[in-house]
Amino acid sequence: MNAIYFSRSPIPFNRERNDDIFYWKHIGVYAYTRELLIEFTSWPKSRLEQIEMLEQLRLVEKGVKIRMVETSHQAIAIDTKEDLDRARNFLKSIL
C-alpha cells in the first residue's frame, strides 16, 4: 500500500479501451516529520515533478515511502479555476 507513482492522467493508459480497468483516485492528506519537510524543501524539483506538477513525485523519486489507505470518501479536486467554480456551485446547491 505504498505509492509508486502519481499522475494527473489515468494510469495505466487504457490503449485497448478495455472496460474492466480499475483506477484508484487520490485524495492528498499528508503527514510529514519536521525533519523530512526540512530535507524535502532543500531538494530541487525532480524531472517527473516538473512534468506532472505534483510535488509527491519528488518524494517518490527520492525513495521516500508514501503510505496509502483506502477510503470510500469522495472529494472535489480543485486544480483549476474551472474546478473551483464547479466546487462553489456544488456547495451552493447543498447549502
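This is a short talk on a few local features of the structure above.

Good morning. One caveat up front: the model is predicted. Every value I give is computed from that model.

Let's start with the core. The largest nonpolar core has nine residues. They are A3, F6, L36, F40, W43, L54, L57, L59 and I66. Which helices supply at least two residues each to this core? Helix α1 and helix α3 do. Helix α3 runs over residues 56-61, and helix α1 covers 34-42. As background, nonpolar side chains in soluble globular proteins tend to be buried together.

Take two members of that core. L36 sits in helix α1. Is L36 buried or exposed? Its relative accessible area is 18%. Buried means under 20%, so L36 counts as buried. Leave out residues up to four places away in sequence, and L36 touches W43, L59 and V64. W43 and L59 are core members too. Now the distance to D20. L36 and D20 are 16 residues apart along the chain. Their C-alpha atoms are separated by 39 Å.

The second member is I66. What does I66 contact, leaving aside neighbours within four places in sequence? The list is M1, N2, A3, F6, Y30, Q56, L59 and V60. From that list, A3, F6 and L59 also belong to the core. L59 turns up for both residues: L36 touches L59, and I66 is in contact with L59.

Next, the pocket. The largest pocket holds about 1600 Å³ of space. How many residues line it? The answer is 42. Closest to the centre are W24, K25, H26, I27 and M68. By class, the lining has 27 nonpolar residues. Nine more are polar, and six are charged.

Now the segment before α1. Three residues there are on my list. P10 is in this segment. P10 has 56% relative accessibility, so it counts as exposed. P10 and E49 are 39 residues apart along the chain. Their C-alpha atoms are separated by 16 Å.

P12 is in the segment before α1 as well. Look at the peptide bond from I11 to P12. Is that bond cis or trans? The bond is cis, with omega near 0 degrees.

The third is R17, again in the segment before α1. R17 is not a glycine, yet its phi is positive, about 55 degrees. At 66% relative accessibility, R17 counts as exposed.

Another residue has a positive phi. M53 is at about 60 degrees, and M53 is not a glycine either. Where does M53 sit? The place is the loop between α2 and α3. Helix α2 spans 47-52.

Last stop, D83. This residue lies in helix α4, residues 81-94. Why does D83 count as buried? Because its relative accessibility is 13%, and the cut-off for buried is under 20%. What lies 2.9 Å from a polar atom of the D83 side chain? That is the backbone nitrogen of D79. Set aside the neighbours within four places in sequence, and D83 is in contact with A77 and I78.

To recap. The core has nine residues, with α1 and α3 each supplying at least two. The largest pocket is lined by 42 residues. The bond from I11 to P12 is cis. R17 has a positive phi, and so does M53. D83 is buried in α4. Thanks, that's the tour.

Technical notes. Residues numbered from 1 in each chain as written. Predicted model: local features only at pLDDT ≥ 70, side-chain atom pairs only at ≥ 80, totals over all residues. Heavy atoms only, no water. Helix = DSSP H or I, 4+ residues; strand = E, 2+ residues; numbered from the N terminus. Buried < 20%, exposed > 50% of the residue type's maximum accessible area, 1.4 Å probe, protein only. Polar contact = N/O pair within 3.5 Å; in protein donor to acceptor, adjacent residues only side chain to side chain. Contact = heavy atoms within 4.5 Å. 1 Å grid on protein atoms, 1.4 Å probe; cavity = no way out; pocket = protein on both sides within 12 Å on 5 of 7 lines; lining within 4 Å. Points joined across faces, edges and corners; volume = space filled by probe spheres on them. Nonpolar A, V, L, I, M, F, W, Y, C, P; charged D, E, K, R; others polar. Core = buried A, V, L, I, M, F, W, Y, C linked by side-chain atoms within 4.5 Å.
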